[in-house]
Structures are given as structure tokens and as C-alpha cells.
Amino acid sequence: KPAPPIHLSARVVESWVRRYPQKQVKPGQPPADPAAPGQKYELERALCEDRVVVHQDPADPKKNPRGLDITGIKLNLEGSKAGNVMTVSGTERTWAEVHFEGLSLYGPVVVIDQPQNAANVDGAGAAILPSQSDPTNPNDRPTELRINWQRSMNFEGAKARAEFVGLVKALQQPTADSLRGRPESAPPPRTQPIGLVQTPGDGTV
């Protein structure tokens, strides 16, 4: 199943598109794209500047109702069938923002690498990600973990592993269950993989 298309807007948009023949259809059937019979277009690269807004619907709305949302002042997108590599830039005062599957990243430069299921932030930034106050309680509802840093962040979604560098501060929002008391020796929350790519598709935009 192809990944949902990416909707992109900006004041200035430059794009590079690959064109190649579509697969032959059976006699009597219309082509997949009536406007360009026999041809298929795939975004190879896009460079966007000023008031950049990106949205991609979720592949599975039940699992991830929001999908992908990006805002910034500049975006460099490199497309492939495995996903997109997106470098979104903001400023020191107005950070770029990336929101995906419960994960939010903020920083002057945010890179989302969908094929590698990875992300990184160059410079001071912040992250909001899902967490669990009490992993020993199966009925404990997930909450948010807010993390700030001053130098950089590297995130590996498949391993649910993140590295934060420079005056790191973290704050976990409590849930009603956690406020009732938690043993000091409770183990750290269990981690779950977080996907940065929707589903392997044709990378259409």
C-alpha cells in the first residue's frame, strides 16, 4: 500500500521530479493517471523557503491519528521509495517544529530520516514524547515526557533510543495513578519502537 501523499506549502518551492513509464494496464482499463497516460511522476527533491508547512495523513489513523506535521522557515526534502529525508530549519528564536506519532521535536535545525527511522536536532531544542509513569501497572495510562537540551539530540525510532547533549532537563507529567504513590525502586519505563516513516510507498507528494 502506498504511503499517504505529503502536502507541502511555502512562499518559494523548487522541486525536482522523476518521470518514468507506468506499468501497462489491461486492455479497456484507463491509465492510473488520465492526465499523463503511460507516465508516472515521483518527487526526487524539494527546496522550500519561507512559511513552510508540511502535512502527511497517517497510514493507520487508529494508531496515529495526527500523522506528520512540520513547520519552519526552510525545508530541504529528498524523496525515495523507502521514505523521505527532511531537513527543516527555524531560527534561534523561532524553532522549527516536527510532530509525528506522539513525538514532537523543536530546534533550529531538525532532520527526519524516514528510511533510517531516525531524527536529530542540531543545537538547543526540546522534545515531547510518550512515556509511562508506572510500567509495573498495566492500567497506568501513558503520559508525556518533556526534555530540553542545549547542544544536540539524536533519536533512533526502531530502538526507542535517544541521546541528549548539553544541560539536559527532563520533566514527566504525572498521571492520576502515579500520584497515588510509586516505590522509589520502581524500574524505568519500558520503551516501545516509534516509527518515523508511514508505510513503504511511492514517495508521492
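Two strands pair if DSSP finds at least two bridges between them. Keep that rule in mind for the strands below. The model on screen is predicted.

**Whole chain**

Select the whole chain and show it as a cartoon. There are zero helices and 14 strands, so every element listed from the N terminus on is a β. Of the 205 residues in the chain, 37% are buried. Now turn on the surface. Its accessible area comes to about 12,300 Å², and 52% of that belongs to carbon and sulfur atoms. Among contacts between residues at least 6 apart in sequence, 59% join residues at least 24 apart.

**Strand β4 and its partners**

Select residues 68–80, which make up strand β4. Then add residues 83–89, strand β5. The two strands pair in the antiparallel sense over seven bridges, and a hairpin of two residues joins β4 to β5. Pick L75 in the viewer; its bridge partner in β5 is V88.

Next, add residues 39–56, strand β3. How many bridges join β3 to β4? There are 10, and these strands run antiparallel. One place to look is V54, whose bridge partner in β4 is I70.

Strand β6, residues 96–100, also pairs with β4. Four bridges join them, again in the antiparallel sense. Select L68 to see it standing opposite F100 in β6.

**An aromatic pair**

Clear the selection and pick W149 and F164. A search of the whole structure finds one aromatic pair, and W149 and F164 form it, with 5.4 Å from centre to centre and 45 degrees between the planes. The pair counts as tilted because its angle falls in neither the range under 30 degrees nor the range over 60. W149 belongs to strand β11 (residues 142–149) and F164 to strand β13 (residues 161–165), so the pair links distant parts of the chain, 15 residues apart.

Is W149 buried or exposed? W149 counts as buried because its relative accessibility is 1%, below the cut-off of 20%. F164 is partly exposed, with a relative accessible area of 22%.

**Along strand β11**

Stay with β11 and select T143, which lies in this strand. At 12% relative accessibility, T143 counts as buried. Add Q172: T143 and Q172 are 29 residues apart in sequence, and their C-alpha atoms are 7.4 Å apart in space.

Now select E144 and R146. They form a salt bridge, with the closest N and O atoms 3.1 Å apart. E144 is partly exposed at 34% relative accessibility, and R146 is partly exposed at 35%.

**More charged side chains**

Side chains of opposite charge can pair when their charged atoms come close. The count of salt bridges comes to six.

Select E156 and look for two partners. One is K159, at 3.7 Å from N to O; another is R161, where the closest N and O atoms are 3.0 Å apart. E156 is partly exposed, at 28% relative accessibility. K159 counts as exposed because its value is 59%, whereas R161 is partly exposed at 44%.

Move on to R11, D50 and R51, which are linked in a network of salt bridges.

**Last stop**

Select R45 and W16. Where does the charged end of R45 sit? It sits over the ring of W16, 4.7 Å from the ring's centre.

Methods: Residues numbered from 1 in each chain as written. Predicted model: local features only at pLDDT ≥ 70, side-chain atom pairs only at ≥ 80, totals over all residues. Heavy atoms only, no water. Phe/Tyr/Trp six-rings, centres within 6.5 Å; stacked < 30°, edge-to-face > 60°. Buried < 20%, exposed > 50% of the residue type's maximum accessible area, 1.4 Å probe, protein only. Lys NZ or Arg CZ within 6 Å of the ring centre and 35° of its normal. Contact = heavy atoms within 4.5 Å. Areas by Shrake-Rupley, 256 points an atom, 1.4 Å probe, with all protein chains shown as cover. Salt bridge = Lys/Arg side-chain N within 4 Å of Asp/Glu carboxyl O.
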